[in-house]
Amino acid sequence: MSYKPPLRDEIALRPGYHSPQFDVEVALNTNESPFLPPEQWTSELLSALSKVRYNRYPDRKATELRRCIAEYHEVEAEEVFCANGSNEVIEILLLAIGGPSRKALVFEPTYALHSHICRLTSTEVVSGHRDESFRIDPEQARKLNELHDPVVTFICSPNNPTGQLESVDVVTGILGQTEGLVLVDEAYGEFASPVSSALTLRSTKGADYDDSLSRLAVVRTFSKVWSMAAFRLGYLIGSPQLISACERAALPYHLSTPTQTAGIVAMRYRSEMEDRVKQMTQERDRLRAELERLKVQTWPSEANFILFRPGDRSGREVWQKLVDSSVLIRDCSDWPGLEGCLRVTVGTSEENDRFLDALEECL
Ligand code: PMP
């Protein structure tokens, strides 16, 4: 009989954690950028990679990458921690401060990996619920923070999969309700206005933070606006004490030299990144207007995806019909609080048209 690994209970995946990967013509299911990075980024990177001393371990502290990210956000390099994607950043953070007999607070419906990573690290998940417009209710947050005293409260902003941004006031309000860390996941932060980022609270270089601001951390990623999902690079901005806690929990040399180099080179292409963001947000607004024309229910989005509910038709049925037309989007229709809903990533205008045509046909 073949070996059956004795899985820990926490490892059993619930549906919805992984987006199915099918070979389709139009993939609008994982919120990646539809654009490649600039050609010049690719050639500059290849040239930098040809000079790497591959026999040596990478810079364990990712010194130059952290310096570039710090400069971009006007913080100190000691306030930056990098890992292989923001999911890994969150996992390392929870290895450092989560664990048995500690709790994390999330507000559902939200990014499923937050609670999944909590379970992987044996951190108990406490779930609050968003209101009808998918916003966090500060009063409910206060009660849950008082009752459970979580080590970390997650705020996903813009929230995946619903698209709404939480205001800086909500973030500061929650900081005042808890003695734990407030982790704002801004994987889609660049799609929203910079003044609405929780980073505005941290970005005074060299400032002395009061106690509550030292408990604020923000996560960002190179997987979306930077068009670098294949590389796996994400980062956290937080207090130097939090960063050294993450460094203790990370495995030695966890971030390869090619990955560090890719991030350093990317930072030289900020204006190209901003141009792509502009294109994607314009397309997002066109896509939402077209969805409304098709009389499907939509929600406002500050990210590169739109949540919608296709009226009388079952979400699952519409999703399957789209797959049959070689268009893959995300089926959220059986997620609690999102009954019947689907989420479409903003693609190129041609991809969006393919999606809209296929949707119109099946409606
Ligand atoms: N946070 C949110 C809210 C996300 O939607 C995603 C990607 N789906 C991530 C984090 C993970 O991104 P990365 O590729 O950096 O691990």
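This is a short dialogue on reading the overall fold, one helix and one helix pair in a predicted model.

Student: Where do I start with this model, and how many helices and strands does the protein have?

Tutor: Keep in mind that you're looking at a prediction. The secondary structure comes to eleven helices and 13 strands. The radius of gyration is 21 Å, close to the 21 Å that the globule rule gives for 363 residues, so the protein is as compact as a globular protein of that length. Along the principal axes, the C-alpha atoms fill a box of roughly 60 × 55 × 55 Å.

Student: What share of the residues counts as buried?

Tutor: Of the 363 residues, 53% do. As for the outside, the protein exposes about 17,000 Å², and carbon and sulfur atoms supply 51% of that.

Student: And what do the contacts say about residues 24 or more positions apart?

Tutor: Take the contacts with a separation of 6 or more: residues 24 or more positions apart account for 75% of them.

Student: Let's zoom in. Is Thr 261 buried or exposed?

Tutor: The cut-off for buried is under 20% relative accessible area. Thr 261 has 14% relative accessibility, so it counts as buried. You'll find Thr 261 in helix α8, residues 257–266.

Student: Which residues does Thr 261 touch, leaving aside its neighbours within four places in sequence?

Tutor: Thr 261 is in contact with Leu 45, Ala 48 and Leu 49.

Student: How many residues of α8 are buried, and what covers them?

Tutor: The helix is mostly covered, with eight of its ten residues buried. Among them are Gln 260, Gly 263, Ile 264 and Val 265. The cover includes α1 (39–49), α2 (63–73) and α9.

Student: How do I read a pair of packed helices?

Tutor: Two numbers describe the pair: the angle between the axes and the distance between them. Here, try α9 (residues 270–293) with α11 (residues 349–362): they pack at an angle of about 10 degrees, and their axes are 11 Å apart. Angles under 35 degrees count as roughly parallel, and α9 and α11 are therefore roughly parallel to each other.

Student: Which residues make that contact?

Tutor: From α9 it's Glu 283, Arg 286, Leu 287, Glu 290, Leu 291 and Arg 293. On the α11 side, look for Ser 349, Asn 352, Asp 353, Phe 355, Leu 356, Leu 359 and Glu 360.

Student: How do the residues of that contact divide into nonpolar, polar and charged?

Tutor: The contact of α9 with α11 has five nonpolar, two polar and six charged residues.

How values were computed. Residues are numbered from 1 along each chain as its sequence is written. This is a predicted model: local features need pLDDT of at least 70, side-chain atom pairs count only at pLDDT 80 or more; totals for chains, interfaces and linings use all residues. Side-chain values use heavy atoms; hydrogens and water are left out. Axes are lines fitted to C-alpha atoms, for helices over the stretch in contact, and angles run from 0 to 180 degrees between N-to-C directions. Helices (H or I, at least four residues) and strands (E, at least two) are DSSP runs, numbered from the N terminus. Angles under 35 degrees count as roughly parallel, over 145 as roughly antiparallel, 65 to 115 as roughly perpendicular and the rest as oblique. Contact means heavy atoms within 4.5 Å. Ala, Val, Leu, Ile, Met, Phe, Trp, Tyr, Cys and Pro count as nonpolar, Asp, Glu, Lys and Arg as charged, and the others, Gly among them, as polar. The radius of gyration is taken over C-alpha atoms; the globule rule is 2.2 Å times the number of residues to the power 0.38. Buried means under 20% relative accessible area, exposed over 50%, partly exposed in between (1.4 Å probe, protein chains only). Accessible areas come from the Shrake-Rupley method with a 1.4 Å probe; for residues, only the protein chains shown count as cover.
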